[in-house]
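Subject: Structure handover

Hello,

Here is the structure for you to look over. My notes on the cavities, the cores and the cysteines follow it.

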Amino acid sequence: MALVGSDEITLEELQLAARNHGMPLEALRYPLTPVGLHYLLTHYDIPAVDAASWRLHVGGHVGNESSLSLDELQARPHVRVPVTMECAGNGRATLSPRPVSQPWLLEAVGTAEWGGTPLRPLLEEAGILDGAVEVLFTGLDRGLEAELEQSYERSLSIGDALRDEVLLAWEINGVPLPPQHGFPLRLVVPGWYGMASVKWLDRITVLDRPYDGYQQRWSYRLRQTEEEEGEPLTRIRPRALMVPPGVPDFMSRHRIVDVGRCVLEGRAWAGGEPVAAVDVSTDGGSTWAPAELAEPPGPFAWAAWRFEWDPPGPGEYMLCCRARNGAGGEQPLEPPWNLGGYANNAVQRVPVTIR
């Protein structure tokens with residue numbers, strides 16, 4: 001669980017930032033994020049896995065327990081699904097006071113074409129028994145949080161686990177999963193924040209009671225105080241991001257743009273819901289105008305947007321973009337604060353100098 005600290009980044013946070021990395025925002029130009037640019041968050045260590053001896057164990061409150069090799073899984077029906085995945089802590093470092101954890105700015109996102117086999121048939125073959133309520137997914141990565149040694153584990157309700165789009169993936173963008181992305185097998189839960197897509201899968205366990213482990217009960221919940229039970233995080237909130245225009249100053253990353261017509265572009269997503277609109281502001285959010293919005297490559301992938309801007313002349317400008325879903329959910333202008341620094345989908349602000 002993230003703690004609230006000072007505005008200064010701690011040595012511990014720098015260690016996390018060195019191990020995990022975000023997607024450079026200029027990579028928003030790609031419909032599918034190149035594998036090496038896709039964001040990464042690794043809770044503990046990347047485990048060393050021998051694919052030849054590895055097996056996926058399926059059991060618990062089922063009639064038919066099983067243990068499958070990677071070859072056996074790869075012999076099952078194969079699908080590829082483009083999915084935008086975003087870390088629940090994306091935007092955490094912009095909050096004040098700042099929760100102490102992985103100090104994400106806005107780059108903890110990426111879109112990949114995940115390849116594998118649907119989870120649902122595997123669960124149906126296992127024979128889920130009456131009284132089952134959740135499915136627990138256990139990874140091979142282990143570590144300590146709150147002084148408790150644990151494997152990384154997350155659960156889904158039976159209904160969510162049986163959704164057709166939930167995938168057991170062994171590929172990313174047409175190549176085998178690299179170690180950092182969950183080799184040899186990971187879960188992919190389209191439309192949900194990334195914490196649900198457990199990597200380095202070891203076992204799947206059907207439960208007859210709600211899972212009460214650390215990552216479910218204490219992490220990834222929206223709460224204002226440590227005493228609250230909080231609301232669990234599930235689906236990704238609407239967000240639009242912009243490719244930073246022009247060229248950057250090396251240290252500050254402030255953008256310098258030549259005078260004249262400027263094409264602003266980026267991507268928008270809404271956790272499996274269609275993005276209804278993207279609006280752009282060039283005056284810090286005082287006025288907004290609609291951007292052109294393209295069709296996404298799939299129902300769970302981001303959509304490209306484009307906006308032509310004619311600056312009135314040289315000077316300082318604040319560019320913003322915001323997405324809206326079909327149900328009317330829209331990005332807030334100010335970041336919503338919570339103890340863990342989760343689900344901060346406030347609008348992006350890009351200061352530029354037109355020269």
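First, a convention for the cavity lining: Ala, Val, Leu, Ile, Met, Phe, Trp, Tyr, Cys and Pro count as nonpolar, Asp, Glu, Lys and Arg as charged, and the others, Gly among them, as polar. Please keep in mind that this is a predicted model.

Cavities. The count is 2 cavities of 30 Å³ or more. The largest has a volume of about 200 Å³. Its lining has 18 residues. These divide into 10 nonpolar, 5 polar and 3 charged. L41, R186, G194, S197 and K199 lie nearest the centre of this cavity.

Cores. The largest nonpolar core holds 67 residues. Strand 9 (residues 167-172) gives the most to this core, with 5 residues. L168 is among the core residues that touch the most other members, along with L56, W114, L119, F137, I204 and L233. The contacts of L168 include L56, L73, L119, L122, L185, R186, L201 and I204. Another core, of 21 residues, lies apart from the largest one. Its members include A268, L319, A323 and V352.

Cysteines. Searching the whole structure turns up 0 disulfides. C87 is in none, and the nearest cysteine sulfur, in C321, is 19 Å away. C87 counts as buried because its relative accessibility is 6%, under the 20% cut-off. Why is C320 not bonded to C321? Their sulfurs are 7.7 Å apart, too far for a bond. A disulfide needs the sulfur atoms within 2.5 Å. C320 is also buried, with a relative accessible area of 0%.

Best wishes

Conventions: Residues are numbered from 1 along each chain as its sequence is written. This is a predicted model: local features need pLDDT of at least 70, side-chain atom pairs count only at pLDDT 80 or more; totals for chains, interfaces and linings use all residues. Side-chain values use heavy atoms; hydrogens and water are left out. Buried means under 20% relative accessible area, exposed over 50%, partly exposed in between (1.4 Å probe, protein chains only). A nonpolar core is a set of buried Ala, Val, Leu, Ile, Met, Phe, Trp, Tyr and Cys residues joined through side-chain atoms within 4.5 Å. Helices (H or I, at least four residues) and strands (E, at least two) are DSSP runs, numbered from the N terminus. Contact means heavy atoms within 4.5 Å. On a 1 Å grid over the protein atoms alone, a cavity is a set of points where a 1.4 Å probe fits but cannot get out, and a pocket is an open set with protein on both sides within 12 Å along at least five of seven lines; lining residues have an atom within 4 Å of a point. Grid points are joined across faces, edges and corners, and a volume is the space filled by probe spheres set on the points. Lists of a residue's contacts leave out its neighbours within four places in sequence.
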